[in-house]
Protein chains: 2
Amino acid sequence: MKDVKKISYDGYKYIDGGVCAAKGFRANGLYSGIKANPSEKYDLCLVVSDVLCNAAGVFTQNKVQAAPVTVSKSHLKATGGKAKAFILNSKNANACNPDGIEKSEKMCSLAAERLCIPSEQVLIAQTGVIGQTMPIEPIENNIDSLVYGLSENGNEKAAIAIMTTDTVKKEVAVEFTLGGKVCHLGGMGKGSGMICPNMATTLNVITTDCAITSEMLQKALSDVVKVTYNCLYVDGDQSTNDTCAVMANGLAENSVIDSENEDYAAFKQALYIVMSNITKMLAKDGEGATKLLECNVTGAKTEKDALAVAKSVISSDLLKCAMFASDANVGRIACAIGYADADFDPAGFSVVLESSKGSIKFFEKGAIMPFSEDEAAEMLSDDEIKINVTLSDGDAKATAWGCDLTYEYIKINADYRT
Amino acid sequence: MKDVKKISYDGYKYIDGGVCAAKGFRANGLYSGIKANPSEKYDLCLVVSDVLCNAAGVFTQNKVQAAPVTVSKSHLKATGGKAKAFILNSKNANACNPDGIEKSEKMCSLAAERLCIPSEQVLIAQTGVIGQTMPIEPIENNIDSLVYGLSENGNEKAAIAIMTTDTVKKEVAVEFTLGGKVCHLGGMGKGSGMICPNMATTLNVITTDCAITSEMLQKALSDVVKVTYNCLYVDGDQSTNDTCAVMANGLAENSVIDSENEDYAAFKQALYIVMSNITKMLAKDGEGATKLLECNVTGAKTEKDALAVAKSVISSDLLKCAMFASDANVGRIACAIGYADADFDPAGFSVVLESSKGSIKFFEKGAIMPFSEDEAAEMLSDDEIKINVTLSDGDAKATAWGCDLTYEYIKINADYRT
């Protein structure tokens with residue numbers, strides 16, 4: 001139900017393994033006690049490469065940044081874009097705490113000591129309640145088990161340990177070749193609430209055995225995040241902790257990618273496949289969600305206009321409620337198109353909604369068309385709905401993803417801390 | 001419960017009468033059949049002045065504008081800012097309809113014929129479902145009764161007729177003096193959902209017997225709307241139909257206000273008192289709301305920064321859910337401050353929450369402070385909560401209003417058309 005329909009791409013094969021799909025990566029996840037109750041899934045995990053990686057990251061643009069964001073940025077800067085390990089926890093965001101930096105640094109150094117590496121080679125991400133003191137004892141007491149348990153099959157445990165209100169773990173990996181060498185790229189993500197794209201996203205870890213410089217890795221990540229995680233909208237709240245980092249250890253032995261050549265394009269495509277699939281998984285498993293919504297805008301003057309319209313539609317609370325009810329209250333789509341911060345002709349748009357159960361045109365030249373309520377209800381009863389908006393202003397296009405708004409979202413967020 | 005605590009202002013007395021509080025205004029409201037079921041309250045109303053008024057309006061900035069918005073704007077332009085009547089209906093927004101303009105013009109002309117005035121002296125506002133054909137028969141069949149029933153006590157019926165998902169009618173009026181002449185200014189509003197401020201608001205009618213030029217009336221309205229309706233946030237959806245118009249008939253016989261003199265200031269204050277109270281009523285009766293939230297930001301670099309922070313906090317779905325639950329998940333406030341499109345020092349803000357049941361400081365210098373969960377839950381159990389944010393960047397300030405997010409909001413909006 002929460003699994004998304006995956007699109008096939010020539011030359012790329014979906015494989016298992018998540019963050020352990022690439023050669024030389026091991027992972028582990030466990031319950032350390034940050035969560036009060038052991039029945040609440042894992043809460044701490046570690047991803048480690050056998051050899052030093054080139055690394056890149058994108059982080060929240062929220063001005064109130066959690067301690068792990070500050071620490072990971074400073075570590076990447078200190079090493080010039082290198083990393084060997086990534087430690088993550090859920091349940092506590094370690095944001096707005098007077099001793100936050102100290103605690104995040106301590107977590108990195110605890111991992112670094114056991115791995116016999118400099119602390120700066122450890123990245124960190126944390127997620128959970130903002131403004132609660134981060135307990136360090138659970139990490140101190142469990143860091144040995146966490147390191148000893150690292151395994152080439154530890155990806156699932158790691159993916160579970162970063163879940164907060166997520167109902168399913170999110171992992172995607174692909175295999176492809178570069179100059180005859182078999183390469184792998186895989187990732188895990190966590191999402192659910194407090195999700196609004198702004199040059200960054202939720203917590204995501206991507207690993208690959210491709211050989212690529214830190215600069216090209218950063219460039220690929222920054223480009224791909226714009227059309228994937230940054231087009232994801234659950235509830236308009238942009239987290240203090242958003243972090244997406246990629247670690248590339250080069251064990252695939254391809255020629256090092258150091259310019260925007262053909263191999264770079266192929267690598268970037270792999271990154272896009274993994275990140276776009278995780279984006280859709282995050283949308284479909286948004287807090288309380290029962291449906292994945294995808295808004296495709298074409299015919300826009302500029303890509304910026306297209307994205308503004310797509311985000312406006314996908315983030316309308318009123319439309320999200322109507323989609324939850326499979327109710328064709330499509331006037332709300334016209335309304336949301338209208339208040340998008342975009343330049344377009346309001347008398348020129350058309351709107352088609354489609355699912356695996358059918359397709360209906362609701363607007364033509366900015367005006368409503370007659371439609372059958374029964375057919376509309378049947379078409380909207382699917383769990384993946386595409387909202388296709390065609391503007392009459394140019395050739396630019398964009399896609400944004402989101403989900404419906406349900407009773408469960410309220411329930412989850414009225415009760416979150418307890 | 002839905003009534004807001006009114007602030008007292010020297011020289012202004014709250015009075016009854018809504019849009020009929022000013023001399024020479026009559027109103028009426030009735031069930032015409034636009035709503036399918038007569039048990040669903042009234043759906044059509046008319047407000048008329050005995051003499052021609054100077055008039056001014058502010059309208060939605062949504063690029064997809066409903067027909068009544070287009071028609072009212074063109075009528076105000078044609079008359080050079082005059083009006084004698086205002087016709088309004090609920091249940092059908094008459095937006096995105098191919099014959100929308102024709103229907104809105106017809107409604108104006110039906111009223112104009114009975115009132116023996118030019119059609120251009122009639123303003124119109126409509127609210128309800130977008131993209132449904134507007135039936136003209138209910139207006140044709142009821143325009144005579146509507147006009148014959150006009151009365152100096154018809155304000156309540158009119159205020160009821162513009163309600164959609166509102167649970168209570170919204171009326172406020174004040175009495176004050178200008179140069180020894182007793183003046184009155186009153187208004188009615190409807191709100192509930194699809195409310196996001198952008199230089200306009202929901203449907204609102206303000207009447208006054210003050211003598212003031214159309215130009216000064218427009219200036220006062222445009223200024224006051226910025227700090228009242230435009231600071232109101234329910235769900236981020238900006239309607240296609242937002243309209244707020246003021247009609248001033250001059251029957252109070254004060255010296256005509258034609259410049260920014262002392263009388264203008266006193267008039268503007270009356271307008272502010274009425275519009276700020278309606279704003280709070282609209283917030284408190286937002287769809288599904290159980291609480292009025294008010295965010296006061298001080299210490300900002302500019303008013304724009306202050307307003308950006310206030311709106312960001314008041315519109316956080318996550319905070320709104322926490323407030324519904326009386327849960328002090330105040331990290332969400334820090335998060336929302338952080339993603340505001342504003343320039344401020346993230347290490348310098350403090351946050352105090354207060355209600356009639358107490359006051360607690362949660363953040364100092366950007367970091368969380370220890371607090372008692374029991375005291376916080378007690379303080380948050382009130383139905384009006386103030387969130388006071390102090391920045392450390394200057395002297396500018398702003399206030400925004402909103403409400404909590406509840407199961408009822410989902411219920412209302414999943415079922416709205418049925």
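The points below go through a predicted model with chains A and B, moving from the way the chains are related to details within each of them.

1. On the relation between the copies: chain B can be laid on chain A by a turn of 180° with a shift of 0.0 Å along the axis, and the RMSD is then 0.0 Å. That is the relation of a two-fold axis. In chain B, the C-alpha nearest this axis belongs to B:Tyr407, and the distance from the axis to that atom is 2.7 Å.

2. On the surface through which the chains meet: of the interface residues of chain B, 100% are also interface residues in chain A, so the two copies meet through the same surface.

3. On helix 11 of chain B: this helix covers residues 407-414, and its buried residues include B:Tyr409, B:Ile410, B:Ile412, B:Asn413 and B:Ala414. What covers them comes in part from the other chain, since helix 8 (317-324), helix 9 (331-338) and helix 11 (407-414) of chain A are included in the cover.

4. On helix 5 of chain A: this helix has 14 residues (214-227), and at 1.5 Å a residue they should span 20 Å, which agrees with the 21 Å between its end C-alpha atoms. Its buried residues are A:Ser214, A:Met216, A:Leu217, A:Ala220, A:Leu221, A:Val224 and A:Val225. Because these residues cover an arc of only 160° around the axis, they are on the same side of helix 5 of chain A. The elements of chain A against which they pack are strand 3 (44-59), strand 9 (243-248) and helix 6 (262-284).

5. On the six-stranded sheet of chain A: six strands form an open sheet with mixed pairing, and their order is 13-12-11-14-10-15. Strand 13 (367-368) and strand 15 (396-403) of chain A are the edge strands, each of which pairs on one side only. Within the sheet, strand 11 (residues 350-355) and strand 12 (residues 358-364) of chain A pair in the antiparallel sense over five bridges, and A:Val351 stands opposite A:Phe363 of strand 12. Helix 6 of chain A packs on this sheet, where it touches strand 10 (292-300), strand 14 (384-390) and strand 15, and its direction makes about 40° with that of strand 15 of chain A.

6. On the corresponding sheet of chain B: here too six strands form an open sheet in the order 13-12-11-14-10-15, with mixed pairing. The edge strands of chain B are strand 13 (367-368) and strand 15 (396-403), each pairing on one side only. Strand 15 of chain B pairs with strand 10 (residues 292-300) in the antiparallel sense over seven bridges, and in strand 15 the bridge partner of B:Cys295 is B:Ala400. Helix 6 of chain B lies across strand 10, strand 14 (384-390) and strand 15, and it runs at about 40° to strand 15 of chain B.

7. On strand 6 of chain B and the strands beside it: seven of the nine residues of strand 6 (residues 170-178) are buried, so this strand is largely enclosed by the rest of the structure. Strand 1 (residues 13-15) of chain B pairs with strand 6 in the antiparallel sense over three bridges, and B:Tyr14 stands opposite B:Val174 of strand 6. Strand 7 (residues 181-190) of chain B also pairs with strand 6 in the antiparallel sense, over nine bridges, and the partner in strand 7 of B:Glu171 is B:Met188. Strands 6 and 7 of chain B form a hairpin with two residues between the strands, and in this hairpin B:Gly179 takes a positive phi near 55°.

8. On positive phi values in residues other than glycine, two places in chain B can be inspected. B:Glu253 has a phi near 65°, a positive value in a residue that is not glycine, and its place is in the loop between strand 9 (243-248) and helix 6 (262-284) of chain B. B:Ser326 has a positive phi of about 50°, although this residue is not a glycine either, and it lies in the loop between helix 8 (317-324) and helix 9 (331-338) of chain B.

9. On the surroundings of these two residues: which of the words buried and exposed applies to B:Glu253? At a relative accessibility of 58%, B:Glu253 counts as exposed, because exposed means over 50%. B:Ser326, by contrast, is buried, with a relative accessible area of 18%, because buried means under 20%.

Conventions
Residues are numbered from 1 along each chain as its sequence is written. Chains are lettered from A and ligands numbered from 1 in the order in which they are written. This is a predicted model: local features need pLDDT of at least 70, side-chain atom pairs count only at pLDDT 80 or more; totals for chains, interfaces and linings use all residues. Side-chain values use heavy atoms; hydrogens and water are left out. Copies are superposed by least squares on the C-alpha atoms of residues with pLDDT of at least 70 in both. Contact means heavy atoms within 4.5 Å. Buried means under 20% relative accessible area, exposed over 50%, partly exposed in between (1.4 Å probe, protein chains only). Helices (H or I, at least four residues) and strands (E, at least two) are DSSP runs, numbered from the N terminus. The expected span of a helix is 1.5 Å times one less than its number of residues. The arc is that of the directions from the helix axis to the C-beta atoms. Two strands pair if DSSP finds at least two bridges between them. Axes are lines fitted to C-alpha atoms, for helices over the stretch in contact, and angles run from 0 to 180 degrees between N-to-C directions.
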